[in-house]
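Student: Let's go through this model by asking how each label is earned. Where do we start?
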Amino acid sequence: MVGAHLRSQTPSSLAVLWPDLPLDDGVARRIVGRVVGEDRDDLEGVRGLSRRLAAEIAARSHTLRLEVVDRRASRIDPFVKYLFRAADGRVFEAVRIPLERPRWSVCVSSQAGCALGCVFCETGRLGLERGLEPWEIVEQVLTVRREGPERPVTGVVFQGQGEPFQNYDNVIRAAEILRDPCGARIGGDRITISTVGVLPMMERYTAEGHPYRLILSLTSALQDKRAGLVPLARRHPVDALAAAMRRHAEKRGGPVNLAWVLMAGINTGADEARALGRLFAGVRVRLSAIDVNDPTGRFHPPDDAERSRFFSALAGNGIGFVRRYSGGADIHAACGMLASQSTGGTAFPRRGRRGRAEDAEKNNE
Ligand code: SF4
């Protein structure tokens, strides 16, 4: 496809995309409203847009769609897992998450594969294929909206395949389009970006003052242990990440948001709770804990007694926490361990492990 994808544009980027075309801000807003807000591919009848200008824009741009290769609806609850294929054959997934009111949230992928190789993550084993374009992220949300019109989509979480901060510009652009009143109209505070700790991008994100919620998927507060689970931790140590999250919370207001994958015998000890208490002394913390769900059997969730001991230790060290539960278990909707069949993994039949989707659900309530 030649030219710019119209669903990769915000009104302001579109207005300056072709300096030789007389596109003012109002028309740019209405074009974004047409292709994202109304989810249409044509520019027919856009107010203020002449037929000639519409034809010129159409010649310089495209509105390609993703192919939905598969969709799995849970029989237990309204989770749906989507497998998408892009024109170059890359595949990636999104999960529709039911919220209580009732509304939908969407757990989106930001990359096909991932370069970071966290040991508890199937996606990491695929390696990085490429970052997704803004429109490929937006399209995941539009597909859910189109196919589930009985509820509005009011939340988006960047917790599917990939590390969002390794595709920073496209993720921020996609979030802008999703938030735009002419776009998907999702509140900025209902859009969540989850990182495993790409420190320079966390600092940049805080400095830029975006309205989206930031979660650090920490999973261990002990540097050596974390480095064994998340290889990126060797470059960006726990202390520095905690300091960055404190600065973010201070600038933004609100608590430090952390995600924690509970793994029996690994990261549920009192030493972890004490380390968290030290790292975040004097700061409000909201830790989302989810049981690991590992198809390889290498990692196991804690039993009730171990989990309770950990939660008591967290409370004793001043760390606020919420426990997340799995949804859509029969379709393995937890989207932490996304691997795609066509790249050698088994996206649908295997169990997700990291529970990002469930985490996402609560975080967008
Ligand atoms: S947990 Fe996230 S950052 Fe780590 S390998 Fe998986 S997708 Fe990448």
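Tutor: With what counts as a helix: a DSSP run of H or I, at least four residues long, numbered from the N terminus. The model is predicted. Aspartate 39 sits in the loop between helix H2 (25-37) and helix H3 (51-60).

Student: What makes the backbone of aspartate 39 worth a remark?

Tutor: Its phi is positive, about 60 degrees, although aspartate 39 is not a glycine.

Student: And why is aspartate 39 called buried?

Tutor: Its relative accessible area is 16%. The cut-off for buried is under 20%. Aspartate 39 therefore counts as buried.

Student: Which other residue that is not a glycine has a positive phi?

Tutor: Threonine 219, with a phi of about 70 degrees. The loop between strand E11 (213-217) and helix H8 (223-229) holds threonine 219.

Student: Is threonine 219 buried or exposed?

Tutor: Buried, at 1% relative accessibility. Exposed would need over 50%.

Student: How do you know that glycine 26 is buried?

Tutor: Same test: 17% relative accessibility, set against the limit of under 20%. Glycine 26 lies in helix H2. Its C-alpha is 9.9 Å from that of leucine 49, which is 23 residues away in sequence.

Student: Now the helix pairs. What describes a packing?

Tutor: Two values: the angle between the axes and the distance between them. For helix H5 (residues 134-147) and helix H6 (residues 168-179), the angle is about 45 degrees and the axes are 8 Å apart.

Student: Why are H5 and H6 called oblique?

Tutor: Under 35 degrees would be roughly parallel, and 65 to 115 roughly perpendicular. The angle of about 45 degrees fits neither range, so H5 and H6 are oblique to each other. Their crossing is right-handed.

Student: Which residues make the contact of H5 with H6?

Tutor: H5 brings Pro134, Ile137, Val138 and Val141. H6 brings Asn170, Val171, Arg173, Ala174, Ile177 and Leu178. By class, that is eight nonpolar, one polar and one charged.

Student: How do H6 and helix H7 (residues 199-208) cross?

Tutor: At roughly 35 degrees, with axes that come within 12 Å. This crossing is right-handed. Tyr168, Asp169 and Ile172 of H6 meet Met201, Arg204, Tyr205 and Glu208 of H7. The classes are four nonpolar, no polar and three charged.

Student: Which residues does histidine 248 touch?

Tutor: Tyr205, Thr206, Leu214 and Gly253, leaving out residues up to four places away in sequence. Histidine 248 belongs to helix H9 (residues 238-252).

Student: What makes histidine 248 buried?

Tutor: A relative accessibility of 8%, against the limit of under 20%.

Student: Where is there a cis peptide bond?

Tutor: From arginine 101 to proline 102, with omega near 5 degrees. Proline 102 is in the loop between strand E5 (91-99) and strand E6 (103-107).

Student: Last topic: the cysteines. How many disulfides are found in the whole structure?

Tutor: Zero. A disulfide would need a pair of cysteine sulfur atoms within 2.5 Å.

Student: Are cysteine 107 and cysteine 114 buried or exposed?

Tutor: Buried in each case. Cysteine 107 has a relative accessible area of 0%. Cysteine 114 has 9% relative accessibility. Both values pass the test of under 20%.

Conventions
Residues numbered from 1 in each chain as written. Predicted model: local features only at pLDDT ≥ 70, side-chain atom pairs only at ≥ 80, totals over all residues. Heavy atoms only, no water. Axes fitted to C-alpha atoms, helices over the stretch in contact; angles between N-to-C directions. Helix = DSSP H or I, 4+ residues; strand = E, 2+ residues; numbered from the N terminus. Parallel < 35°, antiparallel > 145°, perpendicular 65-115°, else oblique. Left-handed = near helix turned anticlockwise from the far one by under 90°. Contact = heavy atoms within 4.5 Å. Nonpolar A, V, L, I, M, F, W, Y, C, P; charged D, E, K, R; others polar. Buried < 20%, exposed > 50% of the residue type's maximum accessible area, 1.4 Å probe, protein only.
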